Each structure stands twice: as C-alpha cells, then as structure tokens.
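Work through the following exercises with the sequence and the structure open beside you, and try each task before you read its solution.

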Amino acid sequence: DNDSFNRIMWNNRSLSLKAFLEGPFNGSTMNTTLNGILPISHPYNVTLPYFGGTPEWYYTGAGSVTTIPNVNIVDWILVDLRDATSAVAATPAASIAKFPAFILNNGTIVGLNGSSNIEFTNTITNNLYVVIFHRNHQSIMSANPLPYTTGVYTYDYSTGAAQVYGGSAGHKLLGSGIWGMRSGDGNGNGDILLNDKTQVWGISTQLGKTGYLPSDFNFDRQTNNKDKNDKWLPNNNTYSQVPN
C-alpha cells in the first residue's frame, strides 16, 4: 500500500513530539530557569554512587552543542524509539535508537539545533512507540503507535490520560487540561520512592546547594524543602508504566 511504500522510500523521517515536565510547569507552560546553567553535553551518560544501579535512561552515545541554542529550552531529555507489534511488547529489547534532545517551554521536543523535529533514518518494521526519559521525572511511553504522515511521526503526550501507556498511573494532570511527567525520580530508576528523598535529595552534596542538580525537582536551581514537599512527596510511591 502507499503507506508501506512511503516508509520504504522516505530516507529521512522526523518526530513531532510534545510533552510536559511537572517540575518546571507554571500552569500553562514550563519555566526556563535552568537555561543559563544547562550543560552543553547531554546528562544521560552519568551514574552517581547514590543511584544504587544504572539509571533506566543511561545512554553513552553522543549529544552535545557548542552553546544552548534557544532561550526557550527547559532541559535535556532522551527520546527512545521502540519498534514493536504492540505497546506491551515495546520493551527495551525493542529499542532501535535513542536521541538526546531538548524540550521547550511550550512542550515541543526538538533536536539539537533547538528548533527542528528530531530526524532519524531507522526503518520501522512494526509500529513505532516512543519513550521520553528525563533525568528526574518518571519516564512515559506513547500508549498508541505514532501516526505517520509523509515522513513525520506525530504524538502529543499531554492531551489526556490515555495518551500515555498505563493511563493515569503513568503520568498526572498538571492543570488546564495538560498532563505531564511526574517529578521526583531523583535516582533515575523509573519509580518515585523513599530512596529518591534519602539517597538523592537529602544527601549532603545536594541539600541546600545551588546548580544543575538531580535533586532540584522544581527546576529553580536550588535543592531545598520545596523540592521535597511540593514535588517528591505528592508523587511518592508511584511507578513508571513504561514496559521493561
């Protein structure tokens, strides 16, 4: 059929994605307070002693810029493409590519130039499901295969509970009809539990400090009680629904 022909003949495909992070969410958009101290290389290739294991988003591939390219960038994220027959089958074994990217204050996810869709050349054999990882938010995966039209796969995770695999267990209503990724997963294991407070937020190298920190759950450049009480605590004992 024409769709199959297009998939074979179209060498460059792109992702038009939209999602929101709870930490910097301000009621309609996301604050860009971290812009100015964001690293120029993606932060997903690090492990820290208190993580107690490798974060689910651990990625050693390339991804850097000479300067942060857009004042509307909120933070780095990691996009994981999974080719599977169904959502439940879209496990890490189904991953075909990962891309460090940026998320803008309006939720748009863009490539390293700070403005364009993420481009890829991988062939999709079955259906494309996309996982969004963030360094201190719970990961999410599209509940449905991404629709494809003339070289572009499009998905908005924010428009309702059913957009994310696992429904309301997989993300939360942030306000104004916008759903987003839960803040507080400081150790990057996909779950928000006591360890995120005691082993990440509460350690001496984080608490009371200022900077680009995994314990800064609200993205105000500081690790303090606001991160614990306003972000981690309401989300404690929640779990990523991304198939693993």
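**Exercise 1.** Locate arginine 82 in this predicted model, decide whether arginine 82 counts as buried or exposed, and find the backbone oxygens that its side chain reaches.

*Solution.* Begin with the secondary structure: arginine 82 belongs to strand β2, which covers residues 73-84. Next, turn to accessibility, where the cut-off for buried is under 20%; because its relative accessibility is 3%, arginine 82 counts as buried. Then follow the side chain, which reaches the backbone oxygen of alanine 90 at 2.8 Å, while a polar atom of the same side chain lies 3.1 Å from the backbone oxygen of proline 243. Finally, set aside the neighbours within four places in sequence, and you will find arginine 82 in contact with residues including Thr91, Asn127, Tyr129, Phe133 and Val242.

**Exercise 2.** Find which residues of helix α2 are buried, and work out how they are placed around the axis.

*Solution.* In helix α2, residues 194-201, the buried residues are Asp196, Val200 and Trp201. They lie on the same side of α2, because the arc that they cover around the axis is only 70°. As a last step, look for their partners: the buried residues of α2 pack against β12 (191-192) and α3 (225-235).

**Exercise 3.** Describe the largest pocket by its space and by the classes of residue in its lining.

*Solution.* The largest pocket holds about 190 Å³ of space. Its lining is made up of 13 residues, and those closest to the centre are Pro43, Val46, Arg135, Tyr212 and Pro214. Sorted by class, the lining has nine nonpolar, three polar and one charged residues.

Methods:
Residues numbered from 1 in each chain as written. Predicted model: local features only at pLDDT ≥ 70, side-chain atom pairs only at ≥ 80, totals over all residues. Heavy atoms only, no water. 1 Å grid on protein atoms, 1.4 Å probe; cavity = no way out; pocket = protein on both sides within 12 Å on 5 of 7 lines; lining within 4 Å. Points joined across faces, edges and corners; volume = space filled by probe spheres on them. Nonpolar A, V, L, I, M, F, W, Y, C, P; charged D, E, K, R; others polar. Buried < 20%, exposed > 50% of the residue type's maximum accessible area, 1.4 Å probe, protein only. Helix = DSSP H or I, 4+ residues; strand = E, 2+ residues; numbered from the N terminus. Arc of directions from axis to C-beta. Contact = heavy atoms within 4.5 Å. Polar contact = N/O pair within 3.5 Å; in protein donor to acceptor, adjacent residues only side chain to side chain.
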